[in-house]
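Colleague: I would like to learn how to read the packing of helices in a model such as this one, going from pairs of helices to single residues. Could we take the features one at a time, with the general idea before the case?

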Amino acid sequence: MFEQIVLGIIQGLTEWLPVSSKAFLILTMVNVFGSNETLSALIREALLFHIGTFFSAVAYFWKDIVVVFKKIVASPKIVLDRKGSLPGFLCTTTLISGGLGFLLLSLANNVTTASVESTGKAITFLTGVLLIGTGILQLNAKNIGNRNEKDITRKDGIVLGLIQAMAALPGFSRSGLTVSALLLRNFNKVEALRLSFLLSLPIIFVGNIVLNFSEITRITSAQIAGIFTAFIVGLLTIKALLLFAQKVNFGYFVVGFGILTLLAGF
């Protein structure tokens, strides 16, 4: 149970930060707890902890979720609107990132158990490179934007769908990439964080139900403790990030974290 609680804390902290939560979970399982599972099995196990952070986002953004569902029920055609439709934005992004993400995850099935141990350092090194790339992307993003929810377009949904799909594989930060993309598309920082959090809900839900259903049916009490830990820590992390959104430069943080990860790889 101790391992599951530790993994839950890591998930709760890293899901909303501009780092790859799956990468940190997998690196911890392999390098700290000595797991020798295949990469695809490690990804499936890591996805379980996303259930906790999924419900933390649901709890925090409950009012936004209710508004989205009310709009869809009142006018289903709203998902087809080209501008100003949050439901349409979420649907477009989820369809694209879900489809492409499934294809990317299928590639992980070619990784064998023996190769996990031999490529442990390579995964660590690659994670460091990807984290630094994410940080540089954020440092180059516009710090001041004036777009918000009413300015969302279908093109935004397509762009975010393609970018979010990359986060299906460990090493790519979903929140880091989506926040950076929203900033580059001139959304203000608080709105970029909020939209990034909302984008996580449908893709995490679909990913766990469709891709991880067999794991959920075999869930243990220890894993439930880890998921609950991820829920509590994730909820606290969301609140902290939104409070400090105007003060924290995520780019410098991620570059520094990436450098430390590279050193760990060496």
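Colleague: At roughly what angle do the axes of helix 3 and helix 12 cross, and within what distance do they come?

Modeller: Two packed helices are described by the angle between their axes together with the distance between those axes. In this structure, which is a predicted model, the axes of helix 3 and helix 12 (residues 221–243) come within 7 Å and cross at roughly 45 degrees. Because of that angle, helix 3 is oblique to helix 12. The handedness completes the description, and here helix 3 passes helix 12 in a right-handed crossing.

Colleague: Which residues of helix 3 and helix 12 meet?

Modeller: From helix 3 the contact takes in L48, F49, I51, G52, T53, F55, S56, A57, A59 and Y60, and these meet Q223, G226, I227, A230, F231, G234, L235, I238, K239 and L242 of helix 12. Sorted by class, the contact of helix 3 with helix 12 has 13 nonpolar, six polar and one charged residues.

Colleague: How does the pair formed by helix 8 and helix 9 cross, and at roughly what angle?

Modeller: The same two quantities serve again, the angle between the axes and the distance between them. The axes of helix 8 (residues 154–165) and helix 9 (residues 174–184) come within 9 Å and cross at roughly 155 degrees. An angle over 145 degrees counts as roughly antiparallel, and helix 8 and helix 9 are therefore roughly antiparallel to each other. Their crossing is right-handed. Helix 8 contributes L160, I163 and Q164 to the contact, while helix 9 contributes R174, L177, T178, A181 and L182. By class, the contact of helix 8 with helix 9 has five nonpolar, two polar and one charged residues.

Colleague: Turning to single residues, is L199 buried or exposed, and why?

Modeller: The value to read is the relative accessible area, and a residue under 20% counts as buried. L199 is buried because its relative accessible area is 1%. L199 has its place in helix 10 (residues 189–211), and, leaving aside residues up to four places away in sequence, L199 touches F89, L90, T93, L160, Q164, R174 and T178. Among these partners, L160, Q164, R174 and T178 also belong to the contact between helix 8 and helix 9. The C-alpha atoms of L199 and T178 are separated by 8.6 Å, although these residues lie 21 residues apart along the chain.

Colleague: Why does E45 count as buried?

Modeller: The relative accessibility of E45 is 18%, and so E45 counts as buried. E45 is found in helix 3 (residues 39–60), and, not counting residues up to four places away in sequence, E45 touches Q4 and M29. M29 is itself one of the buried residues of helix 2.

Colleague: How many of the residues of helix 2 are buried?

Modeller: Helix 2 (residues 21–31) is mostly covered, since 10 of its 11 residues are buried. The buried residues are S21, K22, A23, F24, L25, I26, L27, T28, M29 and V30.

Colleague: How many helices and strands does the protein chain have, and what share of its residues is buried?

Modeller: The protein chain has 13 helices and zero strands, and buried residues make up 53% of its 266 residues. Of the contacts with a separation of 6 or more, 82% are between residues 24 or more positions apart. The accessible surface of the protein chain comes to about 12,600 Å², of which 70% belongs to carbon and sulfur atoms.

Technical notes:
Residues are numbered from 1 along each chain as its sequence is written. This is a predicted model: local features need pLDDT of at least 70, side-chain atom pairs count only at pLDDT 80 or more; totals for chains, interfaces and linings use all residues. Side-chain values use heavy atoms; hydrogens and water are left out. Helices (H or I, at least four residues) and strands (E, at least two) are DSSP runs, numbered from the N terminus. Buried means under 20% relative accessible area, exposed over 50%, partly exposed in between (1.4 Å probe, protein chains only). Contact means heavy atoms within 4.5 Å. Axes are lines fitted to C-alpha atoms, for helices over the stretch in contact, and angles run from 0 to 180 degrees between N-to-C directions. Angles under 35 degrees count as roughly parallel, over 145 as roughly antiparallel, 65 to 115 as roughly perpendicular and the rest as oblique. A crossing is left-handed if the near helix is turned anticlockwise from the far one by less than a right angle, and right-handed if clockwise. Ala, Val, Leu, Ile, Met, Phe, Trp, Tyr, Cys and Pro count as nonpolar, Asp, Glu, Lys and Arg as charged, and the others, Gly among them, as polar. Accessible areas come from the Shrake-Rupley method with a 1.4 Å probe; for residues, only the protein chains shown count as cover.
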